[in-house]
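Reader: I am new to this structure. Please pick one part, look at it closely, and then show me how the rest is arranged around it.

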Amino acid sequence: MTEHVWSYHSAVDHLAGGDLTGYKVEATDGDIGKVDKHSYEVGDAYLVVDTGIWIFGKEVLLPASTVVRIDADEEKVYVDATKEQIKDAPEFHRDKHLADAEYRAELGTYYSTGGRGPYGGRIV
């Protein structure tokens, strides 16, 4: 059974109510930046990651379903995506996209199991 793209996997201890701001974010192939904003809202959970110089100071929006582990001791969030997959995701502009349902649908398709995104038919 797949879980909703905007929800944390049940196996992830997502520290409900805890502040992830400033946590480092690790893709499967290395560091991508730090959490700048996050949401735990049911069905609308996400991370906004400041990529620093990695993608020229841009931010990316990652659905909660990409999170595979949170390490509170190391202050790191591990996501199940490569740097390339994250870089190739639909471009994110905080002021324009944070509340944009159409953008969320596009990004959800990119990261979902049924979409044409990097995850193909894999259960995420």
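Author: Start with one pair of residues. Leu47 has its bridge partner in β4, and that partner is Leu62. Strands such as β4 are DSSP runs of E with at least two residues, helices are runs of H or I with at least four, and both are numbered from the N terminus. Two strands count as paired if DSSP finds at least two bridges between them.

A word on the model. It is predicted, so local features need pLDDT of at least 70 and side-chain atom pairs count only at 80 or more, while totals for chains, interfaces and linings use all residues. Residues are numbered from 1 along each chain as its sequence is written, and side-chain values use heavy atoms, leaving out hydrogens and water.

Back to the strand. β3 covers residues 46-50 and is joined to β4 by five bridges, with the two strands running antiparallel. Another match is Asp50, which stands opposite Glu59 in β4. β3 also pairs with β2 (residues 30-39), again in the antiparallel sense and over five bridges. There, His38 stands opposite Leu47 in β3. So Leu47 has Leu62 as its bridge partner in β4 and His38 opposite it as well.

β2 and β3 form a hairpin with six residues between the strands. In this hairpin Gly43 takes a positive phi near 80°.

How enclosed is β3? Four of its five residues are buried, so the strand is largely enclosed by the rest of the structure. Buried here means under 20% relative accessible area, exposed means over 50%, and partly exposed lies in between (1.4 Å probe, protein chains only). A helix takes part in the surroundings: α3 lies across β3 and β4. α3 runs at about 70° to β4. Axes are lines fitted to C-alpha atoms, for helices over the stretch in contact, and angles between N-to-C directions run from 0 to 180 degrees.

Now step back to the sheet. It is open, has six strands in the order β4-β3-β2-β1-β6-β5, and its pairing is mixed. β4 (59-63) and β5 (67-71) are the edge strands, each pairing on one side only. On average, neighbouring strands are turned by 35° against each other, direction ignored. Along the chain, the elements run β-β-β-β-β-β-α-α-α from the N terminus.

Further along the sheet is β1, which holds Glu26. Glu26 is buried, at 15% relative accessible area. It touches Asp31, Lys76, Val77, Tyr78 and Val79, leaving aside residues up to four places away in sequence. Contact means heavy atoms within 4.5 Å. Tyr78 has another partner: Arg69 lies over the face of its ring, at 4.1 Å from the ring centre. For that, NZ of Lys or CZ of Arg must be within 6 Å of the ring centre and within 35 degrees of the ring normal. Arg104 lies likewise over the face of Trp6, at 5.0 Å from the ring centre.

Return to α3 and its aromatic rings. The structure holds three aromatic pairs. One is Phe92 with Tyr103, a tilted pair at 6.1 Å centre to centre and 35° between the planes. Rings of Phe, Tyr and Trp (its six-membered ring) pair if their centres lie within 6.5 Å; planes under 30 degrees apart are stacked, over 60 edge-to-face, and the rest tilted. Phe92 sits in the loop between α1 (83-87) and α2 (94-97) and Tyr103 in α3 (residues 101-111), so the pair ties together parts eleven residues apart in sequence. Phe92 is buried at 6%, and Tyr103 is buried at 3%. Tyr110 and Tyr111 form an edge-to-face pair, at 5.0 Å and 90°. Tyr110 counts as buried at 16%, as does Tyr111 at 1%.

Last, confidence. pLDDT is the predictor's confidence in each residue, from 0 to 100. The chain has a mean of 83, and 85% of its residues reach 70 or more. Over residues 114-124 the pLDDT is below 50, though this stretch has 28 contacts in the model beyond near neighbours in sequence. Where pLDDT is low, the predicted coordinates should not be read in detail. Among the elements, β1 has the highest mean, 96, and α2 the lowest, 88.
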